[in-house]
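Hi everyone, thanks for making time for this. I'd like to walk you through a structure that is new to most of us. Have a look at it first, and then we'll go through it piece by piece.

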Amino acid sequence: MICPSLLKKKGVVQADFVFFDPKPDDFHGVKILLQTYLDDAQWDLSGFVDLILAQTTVGTVVKIEGDDDNTPFSIVTALNLRRYKDHKCIKELKEFLLKVCLEKDVIKDLRLFMGEQANDVGLLVSQRVVNLPPQLLPPLYDALFDEVSWATEDEPTEELRNFFCFKCYLLVSKIYKLKHKNANQKNKRNLKRRSASDSGDEIVYIKPEDEIFHKLSLWSFSFPMQTQQVETQELKNYRLMGLVMAVEAAKIPTFRQELQSLIVET
């Protein structure tokens, strides 16, 4: 579908990445991608993966065409929080987020999202390998949001159609935050960063699209992660953090446009 180049130690290798609907055979590969989705928490990750793979109406798995291992390189989907509220994995996910949210001005909104407003909220799950070519991101997110739109018209029952009429999206991601504001900046020239408007803390976005989501978010909060971070010279003054964001569905057209511009400029 798309043919970006993958850099290897000795030259460049062309690889054709193809988008597929999720299927049961993807279980182990998708589980690996989501291994640290909720930091180091013990929760029903297998059940979560099963939900993702069972929802074929909305969701995309990225693989390399002709790959004998059939390895997933990325998973993107959106799950209605009310539709799956009785599943163990979603209950545990809610408990985890409420536990790590220590911001009083946000936790009320978080409770509403996962309670009274859950029918209108899509949990946007987007995990991938670190070196996936950024050129894949615009078509990958276009596919997701197009599928959501189509599902509101094409699902066989009104109940199913309504499950995709999202008013907001909830995202759980990861970032690096500067440990000390006066830390030496010389080794950070090549890092993607910005000052968060609410705290002034410098942020390194692991996934470039998260910077756009963060800017457009209705509210957000971050929390320290226990998962061991990658040790590099560039990141020695940063700490790995979880980032939870709420983004209104009305902001998605802006997100898609800004993501396209960002990748073109990269």
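Let's start with one residue, Tyr238, which is found in strand β11. Helices and strands here are DSSP runs, numbered from the N terminus: H or I over at least four residues for a helix, E over at least two for a strand. Tyr238 is buried, with a relative accessible area of 0%. Buried means under 20% relative accessible area, exposed means over 50%, and partly exposed is in between, using a 1.4 Å probe and protein chains only. Along the chain Tyr238 and Lys177 are 61 residues apart, yet their C-alpha atoms are separated by 5.1 Å.

A word on where this comes from: it is a predicted model, where local features need pLDDT of at least 70, side-chain atom pairs count only at pLDDT 80 or more, and totals for chains, interfaces and linings use all residues. Residues are numbered from 1 along each chain as its sequence is written, and side-chain values use heavy atoms, leaving out hydrogens and water.

Now the overall picture. The chain has 8 helices and 11 strands, and of its 266 residues, 52% are buried. How are the contacts spread along the sequence? Taking contact as heavy atoms within 4.5 Å, and counting pairs at least 6 apart in sequence, 71% join residues at least 24 apart.

Another pair of that kind involves Val204, in strand β9, residues 202-205. Val204 counts as buried at 7% relative accessibility, and its C-alpha atom is 8.2 Å from that of Leu178, 26 residues away along the chain.

Next, please find helix α4, residues 104-114. Which of its residues are buried? They are Val106, Ile107, Leu110, Phe113 and Met114. Looking down the axis of α4, these buried residues fall within an arc of 120°, taken from the directions from the helix axis to the C-beta atoms, so they line one face of the helix. They are covered by elements including α3 (88-100), β6 (121-128), β7 (168-178), β10 (219-224) and β11 (238-248). On the other side of α4 you'll see Lys104, Asp105 and Lys108, which are exposed. Asp105 has a relative accessible area of 60%. From Asp105 to Phe221 is 116 residues in sequence and 9.9 Å in space, C-alpha to C-alpha.

Let's move to helices that pack against each other. The axes of α2 and α3 come within 8 Å and cross at roughly 115°. Those axes are lines fitted to C-alpha atoms over the stretch in contact, and angles run from 0 to 180 degrees between N-to-C directions. From α2, Gly47, Phe48 and Leu51 meet Cys89, Ile90 and Leu93 of α3. By class, that contact has 5 nonpolar, 1 polar and no charged residues. Nonpolar covers Ala, Val, Leu, Ile, Met, Phe, Trp, Tyr, Cys and Pro; charged covers Asp, Glu, Lys and Arg; the others, Gly among them, are polar.

The other pair is α7 (residues 208-216) and α8 (residues 252-265), which pack at an angle of about 145° with axes 10 Å apart. Their contact draws on residues including Pro208, Ile212 and Phe213 of α7 and Phe255, Leu259 and Leu262 of α8. Here the classes are 8 nonpolar, 1 polar and 3 charged residues.

Phe48, from the α2 contact, leads us into the interior. Which residues touch the most other members of the largest nonpolar core? Tyr37, Phe48 and Leu123 do, in a core of 49 residues. Such a core is a set of buried Ala, Val, Leu, Ile, Met, Phe, Trp, Tyr and Cys residues joined through side-chain atoms within 4.5 Å. Leaving aside residues up to four places away in sequence, Phe48 touches nine names you can look up, among them Leu34, Trp43, Leu79 and Val125. A second, separate core of 39 residues includes Val58, Val148, Tyr205 and Met245.

To finish, two residues around α1. Asp39 sits in the loop between α1 (27-33) and α2 (45-54). Its phi is near 60°, a positive value in a residue other than glycine. Most residues other than glycine have a negative phi. Asp39 is buried, with a relative accessible area of 6%. Ile32, in helix α1, is exposed at 62%. Thanks for listening!
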